[in-house]
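Good morning, and thank you for coming. I would like to walk you through one protein structure, from a single residue out to the wider picture.

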Amino acid sequence: MITPILTKGIGELNLREIEVYEAQGGYAQLRRAVVELTPKDVADLCNGSNLRGRGGAGFPTGRKWSFLPNNGRPRYMVCNCDEAEPGTFKDHMLLEQTPHQIIEGILIGAYAIGCEHAYIYIRGEFKRGYAIMRDAVAQARAKGYLGENVFGRGKRLEFTIHRGAGAYICGEETGLLNSLEGKRGEPRLKPPFPAVKGLYGEPTVVNNVETLAYLPHIMRNGPEWFAKAGPERSPGYKIVSISGHVAKPGNYEVPMGTTIRQLIDDCAGGLRPGRSFMGVQPGGGSSACLFEEHLDVPYDFESVAKAGSMLGSGAMVVFDDTTDFVKAAHALVRFYAHESCGQCTPCREGGHWIEKTLARLLDGRGVDSDIDVMLSAAHQLTGLNLCALGDSIEPFLASVIKRFEPQFRAYVKRSAPIPVVA
């Protein structure tokens, strides 16, 4: 079931060295693209594979590229390696273990959209990954894979690494672009979308690390190879970051459509000994919890959404019967409240208010109405913000209150009576 493609050789080969990557066929598809194919040929290969974004939204990659206007203006390719979603650590691994695969994917994507200058935005905390990527770019430049005259074809492909300052909001593409321009990391009002007015006001595509890293493999094996793996509407392969109460947490690359049960039991070794399953977040901190009746749901965009959650960036957080879901909800809400950029009132005020209510509940000062009011407030602040951060507060909180309401009510019962002032 585990199908190593992007993860092939990790832990066995030093893929940080360009000669090792080249020995595995590395940069051959970039050469083929620049020497033998037109940008449209490469874009058509991507379209034929039905590759969908692996960063969270799952939008078809080729269609995203097609939104770029043909207006003669410079175009930019930006690779999003901010990866701040709780529970997600796949891009971090690829950055540190196989940087040349990322570089080749970015440059192929840049060539396909007619871009001469590509960027990778790396989360500030990824200090080691940044150093590894910097060395890998220097190696690729020395080999002539990027620069002013790639493969002697007169094609310019430049590459810039930019380190972020460690803000969750910069994982959102317009917040990322603001940060890349040296501005405060805040999301922009859309439209215009980045494809029309992005980096420096020019047409821009923002793609995830994993999305772009699949491009060399799609070119090598053909778009049909990728399209035939997994369900028709969610084809291909996916690296799933599995953490929480499992025996073997880690990154596992599987065909889309693998069931949640298979991911937990066959990949991650099942639960810890003697424990029972309570729930799983299938798409990181922003996703609603799924439960025992959902274990056989296929892990793809449509199936997980139909079950009431989302696949997101592919981070599964597993909970067993030792979980205090009140504390878990508080930890997540506290994270999102802290990471709000403050630009939108519902997110800025609502997140902190819900976090304080949960803290009061845990401190033994809650009242019965707190639970219903929290649900109402979380629902009301959803859909009213410039980005999805405010919307991320409700899914997990609402799903676990609905499923484990007695845990929340128990905290109210532990609370000391509120004195009545005569």
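Two residues are said to be in contact when they have heavy atoms within 4.5 Å. Please keep in mind as well that the model before you is a predicted one.

Let us apply that to Leu295. This residue sits in the loop that runs from strand E8 (277-281) to helix H13 (301-306). Is Leu295 buried or exposed? Its relative accessibility is 9%, and since buried means under 20%, Leu295 counts as buried. If we set aside its neighbours within four places in sequence, Leu295 is in contact with Thr259, Ile260, Arg261, Ile264 and Phe277. For one of these, Phe277, we also have a C-alpha separation: 9.9 Å from Leu295, with the two residues 18 apart along the chain.

I turn now to the nonpolar cores. As a general point, in soluble globular proteins nonpolar side chains tend to be buried together. The largest nonpolar core here has 59 residues, and within it Met77 and Ile120 touch the most other members. Which helix supplies the largest share of this core? That is helix H6 (residues 99-113), with 9 residues. Ile120 itself, not counting residues up to four places away in sequence, touches ten residues by name: Cys79, Cys81, Leu95, Ile102, Ile106, Met133, Phe159, Thr160, Ile161 and His162. There is also a second, separate core of 44 residues, which includes Val206, Ala328, Ala329 and Ala378.

Two of those names, Ala328 and Ala329, bring us to helix H14, as both are among its buried residues. Helix H14 covers residues 325-339. With 15 residues at 1.5 Å a residue, it should span 21 Å, and its end C-alpha atoms are indeed 21 Å apart, so expectation and model agree. The full set of buried residues in H14 is Phe325, Val326, Ala328, Ala329, His330, Leu332, Val333, Tyr336, Ala337 and Glu339. What do they pack against? Their partners are E8, strand E9 (315-320), H15, helix H17 (394-403) and helix H18 (405-414). At the N-terminal end, Asp324 caps H14, with a side-chain oxygen 3.0 Å from the backbone nitrogen of Val326.

My last topic is charge. Side chains of opposite charge can pair when their charged atoms come close. How many salt bridges does a search of the whole structure find? The search finds 29.

Consider first Lys190 and Glu172, whose side chains form a salt bridge at 3.1 Å, N to O. Lys190 lies in the loop between helix H8 (173-180) and strand E5 (204-208), while Glu172 lies in the loop between strand E4 (155-163) and H8, so the pair ties together parts that are 18 residues apart in sequence. Lys190 is partly exposed at 29% relative accessibility, whereas Glu172, at 15%, is buried.

Next come Asp370 and Arg360, joined by a salt bridge of 2.9 Å, N to O. This pair links helix H16 (residues 369-380), which holds Asp370, with helix H15 (residues 345-362), which holds Arg360; the two residues are 10 apart. Asp370 is buried at 6%, and Arg360 is partly exposed at 23%.

Glu349 and Arg348 give another salt bridge, at 3.0 Å, N to O. Here Glu349 is partly exposed at 45% relative accessibility, and Arg348 is partly exposed at 29%.

Finally, salt bridges can be found in a network, and here one links Lys90, Asp91, Glu210 and Lys238. Thank you for your attention.

Definitions and conventions
Residues numbered from 1 in each chain as written. Predicted model: local features only at pLDDT ≥ 70, side-chain atom pairs only at ≥ 80, totals over all residues. Heavy atoms only, no water. Salt bridge = Lys/Arg side-chain N within 4 Å of Asp/Glu carboxyl O. Helix = DSSP H or I, 4+ residues; strand = E, 2+ residues; numbered from the N terminus. Buried < 20%, exposed > 50% of the residue type's maximum accessible area, 1.4 Å probe, protein only. Core = buried A, V, L, I, M, F, W, Y, C linked by side-chain atoms within 4.5 Å. Expected span 1.5 Å × (residues − 1). Polar contact = N/O pair within 3.5 Å; in protein donor to acceptor, adjacent residues only side chain to side chain.
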